[in-house]
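Please open the structure in your viewer and keep the sequence panel beside it. The tour moves from one selection to the next, with a short account of what is there at each stop.

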Amino acid sequence: MSIETISLSGRKVQVSNKEMTFLERLYLVAIVKGLFITLKHLFSRKVTIQYPEQVRTMSPVYRGQHMLKRDEQGRENCTACGLCALSCPAEAITMKAAERKADEKHLYREEKYAEIYEINMLRCIFCGLCEEACPKDAIYLTTSKVLVPSSYEREDFIFGKDKLVMPLDMAIKNAQLNNAN
């Protein structure tokens with residue numbers, strides 16, 4: 001067995017260098033095929049939407065901006081376990097854990113909390129693996145159409161707890177909805 005016949009993937013194909021005919025050398029057949037494709041697309045239905053008047057329906061699996069949840073008493077759910085940061089394929093999440101002090105019981109559910117929790121939105125690929133990895137259901141990707149506001153500074157794309165934590169009034173509304181169900 002020679003080295004030319006060995007194929008690790010099994011997809012090796014021998015290519016022949018056959019002589020082209022006169023019509024093939026003129027490329028007329030290829031030009032006619034290309035024009036036919038152009039004409040076919042010219043008379044097909046357009047997919048462009050007129051944005052302000054027409055709104056495109058969002059996919060049911062759409063993942064928007066990140067949000068850190070609070071419980072019904074307004075305390076943060078995150079316990080700084082770090083599973084979301086470990087599961088992130090883009091390594092966009094960084095956190096620093098801290099111990100809860102006695103006067104902070106109304107802010108955090110557990111003894112350990114995320115003192116610093118940052119997501120680099122330039123690196124994030126919105127895959128949702130952080131949401132799936134969280135055992136406390138503390139982080140989720142919203143269905144909001146607002147993703148990341150544009151900016152010229154890189155620091156504006158690093159979202160800290162100030163931008164990620166759920167507002168208190170929204171947490172209270174969620175708790176009321178859950179209690180009603």
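## First stop: a helix and its cysteine

Cysteine 84 is found in helix α3, and it is a good place to begin in this model, which is predicted. With a relative accessible area of 7%, cysteine 84 is buried. If you display the surroundings of cysteine 84 and set aside residues up to four places away in sequence, you will find that it touches Ile93, Met95, Tyr117, Cys130 and Ala133.

## Second stop: four cysteines from a record

Now select Cys78, Cys81, Cys84 and Cys134 together, since an unreviewed UniProt entry lists these residues under "binding site". Why can they be said to gather at one spot? They span 57 residues in sequence, yet no two of their C-alpha atoms are more than 10.3 Å apart, so they come together in one place. The lining of the largest cavity includes Cys78, Cys81, Cys84 and Cys134.

Within this group, turn to cysteine 78, which lies in the loop between β1 (66–68) and α3 (83–87). Cysteine 78 counts as buried, at 11% relative accessibility. Leaving out residues up to four places away in sequence, cysteine 78 touches Lys112, Tyr113, Ala114, Tyr117 and Ala138.

## Third stop: the asparagine in the loop

Asparagine 77 lies in the loop between β1 and α3, and with a relative accessible area of 7% it is buried. Show its side chain and look for two polar partners. The side chain of asparagine 77 reaches the backbone nitrogen of aspartate 71 at 3.4 Å, and a polar contact of 3.0 Å joins the side chains of asparagine 77 and arginine 109. When residues up to four places away in sequence are not counted, asparagine 77 touches Lys69, Arg70, Asp71, Arg109, Lys136, Asp137 and Ala138.

## Fourth stop: the sheet

Switch to a cartoon view and select the strands β2, β3 and β5, which form an open sheet of 3 strands in the order β2-β3-β5, with antiparallel pairing. β2 and β5 stand at the edges with a single partner strand each, so one side of each has no neighbour in the sheet.

Strand β2 (residues 93–99) and strand β3 (residues 112–120) pair in the antiparallel sense over 7 bridges, while 2 bridges join β3 to strand β5 (residues 158–159), which also run antiparallel. Which residue of β3 stands opposite isoleucine 93? Isoleucine 93 stands opposite isoleucine 119, and in β5 the bridge partner of isoleucine 119 is phenylalanine 159. A further pair to pick out is asparagine 120, which stands opposite isoleucine 158 in β5.

## Fifth stop: a second set of cysteines

Next select Cys88, Cys124, Cys127 and Cys130, where an unreviewed UniProt entry again places the feature "binding site". Although these residues are spread over 43 residues of sequence, they cluster in space, with a largest C-alpha distance of 10.5 Å. The lining of the second largest cavity takes in Cys88, Cys124, Cys127 and Cys130.

Among these, cysteine 127 is found in the loop between β3 and α4 (129–133). Is cysteine 127 buried or partly exposed? At 24% relative accessibility, cysteine 127 counts as partly exposed, and, leaving aside its neighbours within four places in sequence, it is in contact with Arg63 and Pro89.

Cysteine 130 has its place in helix α4, and it is buried, with a relative accessible area of 7%. Not counting residues up to four places away in sequence, cysteine 130 touches His66, Cys84, Ser87, Ile93, Ile139 and Leu141. Cysteine 88 counts as buried too, at 11% relative accessibility.

## Last stop: the sulfur atoms

Finally, display the sulfur atoms of the cysteines and ask how many disulfides a search of the whole structure finds. The search finds 0 disulfides. For cysteine 78, the closest cysteine sulfur is in cysteine 84, at 6.2 Å, which is too far for a bond. For cysteine 88, the closest cysteine sulfur belongs to cysteine 127, at 6.0 Å, and this is likewise too far for a bond. Both statements rest on a cut-off, because a disulfide is a pair of cysteine sulfur atoms within 2.5 Å.

Definitions and conventions:
Residues are numbered from 1 along each chain as its sequence is written. This is a predicted model: local features need pLDDT of at least 70, side-chain atom pairs count only at pLDDT 80 or more; totals for chains, interfaces and linings use all residues. Side-chain values use heavy atoms; hydrogens and water are left out. UniProt positions are given in the numbering used here, feature names are shortened, and annotations may be inferred rather than shown by experiment. On a 1 Å grid over the protein atoms alone, a cavity is a set of points where a 1.4 Å probe fits but cannot get out, and a pocket is an open set with protein on both sides within 12 Å along at least five of seven lines; lining residues have an atom within 4 Å of a point. Helices (H or I, at least four residues) and strands (E, at least two) are DSSP runs, numbered from the N terminus. Buried means under 20% relative accessible area, exposed over 50%, partly exposed in between (1.4 Å probe, protein chains only). Contact means heavy atoms within 4.5 Å. Two strands pair if DSSP finds at least two bridges between them. A polar contact is a pair of N or O atoms within 3.5 Å; within protein, one must be able to donate a hydrogen and the other to accept it, and residues adjacent in sequence count only if both atoms are side-chain atoms.
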